[in-house]
Every structure is written in structure tokens, then in C-alpha cells.
Amino acid sequence: MLTGLGWVTFAAVVGVGIDFDHFLVAWYNTGDPRAIRYCLRNPKAVFVDQESIFYECELGKLDRLLSHMLVGGPVVAVLWALAPTLAALAAASLYVHVVADLVQDIRDVRAGTGSLG
Ligand SMILES: [Zn+2]
């Protein structure tokens with residue numbers, strides 16, 4: 001099983017990795033993998049300029065939250081069958097991620113800098 005650092009790494013990989021679903025949602029919404037091509041051409045943007053990756057028409061706030069639920073639930077279910085302790089950690093990490101997304105989305109909507117669409 002994992003060591004202390006392994007647990008932290010696993011939680012971080014799950015908590016950050018869940019955002020890769022954004023690329024699939026944007027591709028689904030537009031029929032064009034533009035955001036993937038953009039990041040392959042500008043990998044620095046993934047780390048320092050995430051706001052530049054997606055256009056608002058490609059990825060709405062509700063799209064992101066729905067895709068997190070659609071991906072996260074099955075990932076936790078499969079992990080539960082294989083390694084329940086890892087599943088619990090993945091569930092906790094995903095829960096924190098989605099709550100953080102919701103807090104940011106609420107702030108954006110209230111500040112008038114973002115819409116739910
Ligand atoms: Zn997210």
C-alpha cells in the first residue's frame with residue numbers, strides 16, 4: 001500500500017487530475033479539440049495562465065460540475081471495489097475539489113465576472 005507521501009501524492013493527483021475532464025467537455029460542446037491543441041502548443045498556460053485555456057462558450061460552470069460528478073462517481077466506485085481506502089481518499093479529494101469549484105463559481109457569479117452557462 002501507499003506510504004505517507006504516496007497518500008498525499010494520490011490525493012493531489014486525483015484532486016488536480018479531475019480537471020482534465022474540462023478538455024473533453026469543451027470538445028463535446030464545440031466539436032473541436034481547440035483547448036487541447038492550445039495547451040499542447042502552450043504547455044506553460046496549464047500552470048500559469050489557466051484563464052486563457054477555455055473560452056466561456058466552450059465550458060460553462062455547470063458543465064464542469066456535472067462532468068466532475070459524472071467522472072468522479074464511477075472512479076470512486078471502481079476504486080471501492082479494488083481498494084476501499086484509496087476510494088475513500090479519492091472521494092474526499094474530489095469532494096474538496098468540487099466544493100472549491102462551487103465556492104469560486106458562486107464568487108464569480110456574485111461578482112458578475114461569470115455566468116452559470
Ligand atoms: Zn474542477
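Tutor: One thing to fix before we dig in: two residues count as in contact when their C-beta atoms, placed from the backbone, lie within 7 Å. Keep in mind that this is a predicted model.

Student: Okay, then which helices are included in what covers the buried residues of H6?

Tutor: Start with who needs covering: Leu 89, Ala 90, Ser 93 and Leu 94 are the buried ones in H6. The cover over them includes two helices, H1 (4–17) and H5 (61–82).

Student: How many residues of H1 are buried?

Tutor: H1 has 14 residues and reaches 20 Å from its first C-alpha to its last, close to the 20 Å expected at 1.5 Å a residue. Although H1 is part of the cover for H6, this helix lies largely in the open, because the number of its residues that are buried is just 1.

Student: What about H5 and H6, are they roughly parallel or roughly antiparallel to each other?

Tutor: Look at the axes: they come within 9 Å and cross at roughly 170°. Angles over 145 degrees get the antiparallel label. So H5 and H6 are roughly antiparallel.

Student: How many nonpolar residues does the contact of H5 with H6 have?

Tutor: From H5, the residues involved include Leu 65, Val 75, Val 76 and Leu 79, and they meet a set in H6 that includes Leu 86, Ala 90, Leu 94 and Val 98. There are charged residues in the list too, among them Arg 64 on the H5 side and Asp 101 on the H6 side. Split by class, the contact has 4 charged, 2 polar and, for the class you asked about, 12 nonpolar residues.

Student: How does the span of H6 stack up, and what is the expected value?

Tutor: H6 covers residues 84–111, which is 28 residues. From its first C-alpha to its last it reaches 40 Å, close to what is expected at 1.5 Å a residue, namely 40 Å.

Student: Which residue follows H6, with a positive phi?

Tutor: H6 runs over residues 84–111. Just after it comes a residue whose phi is positive, near 75°, and that residue is Gly 112.

Student: Ala 100 is in H6 as well; is Ala 100 buried or exposed?

Tutor: Count its neighbours: 11 other C-beta atoms lie within 10 Å of Ala 100. The cut-off for the open category is 12 or fewer. Ala 100 is therefore exposed.

Student: And how far apart in space are Ala 100 and Ala 11?

Tutor: Along the sequence these two are 89 residues apart. In space, going C-alpha to C-alpha, the separation is 15 Å.

Student: Moving to the other pair, are H2 and H3 oblique or roughly antiparallel to each other?

Tutor: The axes of H2 (residues 21–30) and H3 come within 8 Å and cross at roughly 135°. Antiparallel would need an angle over 145 degrees. H2 and H3 are therefore oblique.

Student: Which residues of H3 meet H2?

Tutor: H2 brings Phe 23, Ala 26, Trp 27 and Thr 30 to this contact. By class, the contact has 5 nonpolar, 1 polar and 1 charged residues. On the H3 side, the partners are Arg 34, Ala 35 and Ile 36.

Student: Last one: which element has the highest mean pLDDT?

Tutor: The chain as a whole has a mean pLDDT of 92, with 99% of residues at 70 or more. Among its elements, helix H4 (residues 44–48) has the lowest mean, 91, while the highest, 96, belongs to helix H3.

Conventions: Residues are numbered from 1 along each chain as its sequence is written. This is a predicted model: local features need pLDDT of at least 70, side-chain atom pairs count only at pLDDT 80 or more; totals for chains, interfaces and linings use all residues. pLDDT is the predictor's confidence in each residue, from 0 to 100. Helices (H or I, at least four residues) and strands (E, at least two) are DSSP runs, numbered from the N terminus. Axes are lines fitted to C-alpha atoms, for helices over the stretch in contact, and angles run from 0 to 180 degrees between N-to-C directions. Angles under 35 degrees count as roughly parallel, over 145 as roughly antiparallel, 65 to 115 as roughly perpendicular and the rest as oblique. Ala, Val, Leu, Ile, Met, Phe, Trp, Tyr, Cys and Pro count as nonpolar, Asp, Glu, Lys and Arg as charged, and the others, Gly among them, as polar. The expected span of a helix is 1.5 Å times one less than its number of residues. A residue is buried if 20 or more other C-beta atoms lie within 10 Å of its own, exposed if 12 or fewer, and partly exposed in between; C-beta atoms are placed from the backbone.
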